Amino acid sequence: MYYFASDIHLGAGGEAFAQQTERRFVRWLDDAAQDAEAIFLVGDVFDFWFEYRGVVPKGFVRTLGKLAELTDRGIRVVFFTGNHDMWVGDYLARECGVEIYTSPQQFRLNGKNVFIAHGDNMNIDGQPVLKFLNTVFRSRTLRWLFSWLLHPDLAMRFGHWWSGKSRKSHGAEELDVSLTEPLIEYARRYAAEHDVDHFVFGHMHFPRDYREQSLHVINLGCWEKYPSCAVLDASGGMTLKMLER
């Protein structure tokens, strides 16, 4: 079995809420690990993450310990960066044993071609401001300046402020099925030229299992409002499952 989840946003909200979310996520990892060949974390696992050469954000010890435990047991954990944790470095790979990807990938799983991406920088040609921000925040120069000019305490304060602002802006929208349409359109165009059985996205926070003839797109929900996961079974079928809040 293969499992997929995204938009956990660890660290978001007040301290009590953040701890509740992390404990729920760790329980899900434990449940998935019972029969998982691999677990795919499809972006925005953390609400904000930035690594200095010798400093990482404090907290998340339950999650980091669990990821290390799973990979030590031989369970493959694949981590895709999202727009909230795009500044992940090599710490999670070295200390927790996870595979890290910073761009969309296609895998062959249980005989099926599965395309996986967080979805934050896809089908945005008509949104110049968003396109510009994506380019800026993925700049190696900006990352270097951020690490050299800001003390870690100031960097974390700024990062959590920016992430909170982003989430509030996202939350101001009425979460409904229409938010997933740009990713479905992207998948439709991509599938016209590539052999893909399942698409898996996050980012839009609204869970959706969309099927159109041979096109199958799953959008994973956020864990604040719509905790969910996708499961690819031994026969190659993929389903979206809602989880308890």
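Phe199 stands opposite Val217 in β9. Keep in mind that this is a predicted model. Phe199 takes us to strand β7, residues 198-201, which pairs with β9 in the parallel sense over three bridges.

Now the other partner of Val217. Tyr210 also stands opposite Val217 in β9. Here the strands are β8, residues 208-212, and β9, residues 215-219. In which sense do β8 and β9 pair, parallel or antiparallel? Antiparallel, over five bridges. The two strands form a hairpin, with two residues between them. Look at Gln213 in that turn: its phi is positive, about 55°.

A quick reminder on pairing. Strands of a sheet pair through backbone hydrogen bonds, either parallel or antiparallel.

Let's step back to the whole sheet. It is open and has five strands, in the order β5-β6-β7-β9-β8. The pairing is mixed. Which strands are at the edges? β5, residues 105-109, and β8, each of which pairs on one side only. Neighbouring strands of this sheet are turned by 20° against each other on average, ignoring direction.

What lies across this sheet? Helix α7, residues 181-191, lies across β5, β6, β7, β8 and β9. Strand β6 covers residues 112-117. The helix runs at about 145° to β9.

Next, helix α1, residues 15-33. A length check first. The helix has 19 residues, and at 1.5 Å a residue they should span 27 Å. The C-alpha atoms at its ends are 27 Å apart, so the two agree.

Which residues of α1 are buried? Among them are Phe25, Val26, Trp28 and Leu29. The list also includes charged side chains, with Glu22 and Arg24 both buried. What covers the buried residues of α1 includes β1 (2-5), β2 (38-42), α2 (61-72) and β10 (228-232).

Let's take α2 from that set. Two packed helices are described by the angle between their axes and the distance between the axes. For α1 and α2, the axes come within 9 Å and cross at roughly 10°. Angles under 35 degrees count as roughly parallel, and α1 and α2 are therefore roughly parallel to each other.

Who meets whom? On the α1 side, the residues include Glu22, Phe25, Val26, Leu29 and Asp30. On the α2 side, they include Val61, Arg62, Lys66, Leu67 and Leu70. By class, this contact of α1 with α2 has seven nonpolar, one polar and five charged residues. Note that Glu22 appears twice: it is buried in α1, and it is one of the residues that meet α2.

Note on methods: Residues numbered from 1 in each chain as written. Predicted model: local features only at pLDDT ≥ 70, side-chain atom pairs only at ≥ 80, totals over all residues. Heavy atoms only, no water. Pairing = 2+ DSSP bridges. Helix = DSSP H or I, 4+ residues; strand = E, 2+ residues; numbered from the N terminus. Expected span 1.5 Å × (residues − 1). Buried < 20%, exposed > 50% of the residue type's maximum accessible area, 1.4 Å probe, protein only. Contact = heavy atoms within 4.5 Å. Axes fitted to C-alpha atoms, helices over the stretch in contact; angles between N-to-C directions. Parallel < 35°, antiparallel > 145°, perpendicular 65-115°, else oblique.
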